[in-house]
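Visitor: I am new here. Please show me the protein, then walk me through it.

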Amino acid sequence: IREKKKVLDEIKKAGKTADRIYLAPDPDREGEAIAWHIAQELNGIGKKKDREKVKRVLFHEITERAVKQAIEHPVPLDLHKVDAQQARRILDRLVGYKISPLLWDKVRRGLSAGRVQSVALRMIVERDRWTVLGTNGYCVMVLKFHIKVTLTKPLAKGVVPYSPSWV
């Protein structure tokens with residue numbers, strides 16, 4: 001991000017002389033992606049020993065004990081969270097950007113349609129198109145989901161692919 005170039009340059013400069021660099025953004029998908037992006041930038045600062053000094057720390061409370069414990073036990077970056085955040089970002093762009101103008105038209109200008117809002121809006125629009133409801137005043141919706149998963153790497157030996165069973 002161009003706006004953060006100055007901050008990133010300062011981190012890189014300090015990182016060249018530091019023994020260790022601890023990355024501690026939020027412990028959610030977004031935080032993991034931020035840590036991953038910073039680590040990618042910092043990994044370009046030098047040799048292998050420089051790359052190994054970048055550590056990810058997690059804590060869920062800002063107390064002396066929690067921070068010390070996190071620094072004593074750094075964890076590797078969770079690439080599953082990074083991938084999940086990237087997928088979420090793509091969905092926001094594919095779905096939300098196309099539906100937001102409809103939302104502005106039908107509800108209120110300036111609203112943003114994300115993943116969940118988009119599905120809910122679609123259900124409301126479909127329901128509005130129905131002219132007759134059952135005598136009890138409600139209707140039943142049956143939703144079908146088709147999910148296609150493409151593996152970019154073969155599964156490790158002995159790993160069984162996840163197979164959800166939905167009712």
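Guide: Start with a term: buried means under 20% relative accessible area, exposed means over 50%, and partly exposed lies in between (1.4 Å probe, protein chains only). This is a predicted model, where local features need pLDDT of at least 70, side-chain atom pairs count only at pLDDT 80 or more, and totals for chains, interfaces and linings use all residues. Residues are numbered from 1 along each chain as its sequence is written, and side-chain values use heavy atoms, without hydrogens and water.

Visitor: What share of the 167 residues counts as buried?
Guide: The protein has 167 residues. Those that count as buried make up 16%.

Visitor: In which helix is confidence highest?
Guide: Confidence here is pLDDT, the predictor's own score for each residue, from 0 to 100. The protein's mean is 75. Helix H6 (residues 115-129) has the lowest confidence, at a mean of 62. The highest, at 94, is in helix H4 (residues 64-72).

Visitor: Which element gives the most to the largest nonpolar core?
Guide: A nonpolar core is a set of buried Ala, Val, Leu, Ile, Met, Phe, Trp, Tyr and Cys residues joined through side-chain atoms within 4.5 Å. The largest one has 6 residues: Ile21, Leu23, Ala35, Ala39, Leu42 and Val54. Strand E1 (21-23) and helix H2 (29-42) each supply at least two of its residues. With 3 residues, the top contributor is H2.

Visitor: How many helices and strands are there?
Guide: Both are DSSP runs, numbered from the N terminus: helices (H or I) have at least four residues, strands (E) at least two. Along the sequence the pattern reads α-β-α-α-β-α-α-α. The count is 6 helices and 2 strands.
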